[in-house]
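User: I'd like a close look at one part of this model, with the cut-offs spelled out as you go. Here it is.

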Amino acid sequence: MKILGIGCALPPQVVINNQLEQILDTSDEWIQSRTGIRERHILSGGTVAGLALEAGQEALQDSGLTGADLDMILVTTAQGDDLFPSVSCTIQQDLGANCPCMDLHVACAGFIYALDTADAYIKSGKASHILIVSAEGLSRLSDWSDRSTCVLFGDAAGAVVVGPGEGLLSCQLSALSRRDILFGTYTGLPCPFSPPEEKVAAGIRMEGQEVFKFAVGISAADLLKAADKADIPIAQMDWVLLHQANRRIIDAVSRRLGVTPGRVPSNIHRLGNTSSASIPLLMYDLYHAGLLEPGHVLALSGFGSGMVSGACILRWDKPKPSQVKDPVHSLHFT
Ligand code: UT7
């Protein structure tokens, strides 16, 4: 499997930390120093499927394929606009596709799980071209009275089209049942036969420090295993793309692995934590900044509620874009 095209979509509304100071007992200083986040995009008026469609269309166009060429659409999302149909089915027609569609529900590690799933379909000969879209609207799941979680998340979609090739060198997936440290709930309509205590308030609940420790440990361990399977030491990776959950997690994983300085890009300052969309968005920014070159080796690592995690090693094969898109897509480097 290799990446043939890449796309992204951001809702137009940007919310800066100072705006959160107006509605919460928080400060720009706290958010920036504890997380690295300065602003995030928030879905207002739009839909998760709308973001997914926009990112998917850009990835398709970039790949030179059309929807009719797709053998499968895989969407990763914490929650689409509806419980059903899936986001992938919702966008299929507008993409001009006529292929199987499924949504994967793997929280922030969704993109890595989707790459591995697509690789398995392509290797088995069941599919040649697959669109993967990671589309998230976590602002709609957040409890906006809980300052310890709502300041973290942003909405976005990132997409890639993959096809046969030698790009995915290794993959390492894991899952550990730990609902106690991170979960998101949503309420349905009340059922007259349910006891009242079954009605749970919606929102994302997190034991931040526990998740932080888990994230640093599992991300570093996954990356080492994936690098070992690919037989390429971490020090030789051209780029290490980590899930954008917290700037301090990114720095801690980089230190733990001894990654070559300047090889760990980050865009959390302007996007926040966009769950499964964060890795394809980072890849998009790196590509459009003209920094990804054919032959570059990338290590990717995602982790999230479950707790799920995954890392993979990818050889980049696409030529540089004809135009560089800075400074809008500015990156920081660790
Ligand atoms: O993508 C899914 C995976 N998620 C993650 O990886 C997130 C992992 N965890 C984290 O990133 C961090 O733990 C947080 C950013 C969530 C929290 O940072 P922290 O340094 O671990 O802070 P803390 O939870 O230990 O809280 C320290 C203090 C507390 O006050 P007291 O008890 O010391 O008085 C919190 O109430 O900071 C307070 N606090 C805030 N203060 C201002 C928590 N949130 C805020 C806030 N503004 N937004």
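Which strands does helix α3 (residues 48-63) lie across, and at about what angle to β1 does the helix run? Please walk me through the sheet there, then the other one.

Analyst: Quick ground rules: this is a predicted model, where local features need pLDDT of at least 70, side-chain atom pairs count only at pLDDT 80 or more, and totals for chains, interfaces and linings use all residues. Residues are numbered from 1 along each chain as its sequence is written, and side-chain values use heavy atoms, with hydrogens and water left out.

Now your helix. α3 lies across β1, β6 and β7 (156-163), running at about 140° to β1. Contact here means heavy atoms within 4.5 Å. Angles run from 0 to 180 degrees between N-to-C directions, with axes as lines fitted to C-alpha atoms, for helices over the stretch in contact. Helices (H or I, at least four residues) and strands (E, at least two) are DSSP runs, numbered from the N terminus.

The sheet under α3 is open, with five strands in the order β1-β7-β6-β4-β5 and mixed pairing; two strands pair if DSSP finds at least two bridges between them. At the edges sit β1 (2-9) and β5 (101-104), each pairing on one side only. From one strand to the next, the twist averages 20°. Inside the sheet, β4 (residues 72-76) and β6 (residues 130-136) run parallel, joined by five bridges, and I73 stands opposite L131 in β6. Helix α10 (residues 278-288) packs on this sheet too, touching β1, β6 and β7, with its direction at about 100° to that of β1.

On to the other sheet. Four strands, ordered β8-β14-β13-β11, make an open sheet, and the pairing is mixed. Its edge strands are β8 (168-175) and β11 (239-242), each of which pairs on one side only. The twist there averages 10° from one strand to the next. β8 and β14 (residues 308-315) run antiparallel, with seven bridges joining them; the bridge partner of A175 in β14 is V308. Packing on this sheet is helix α7 (residues 208-230), which touches β8, β11, β13 (297-304) and β14 and whose direction makes about 145° with that of β8.
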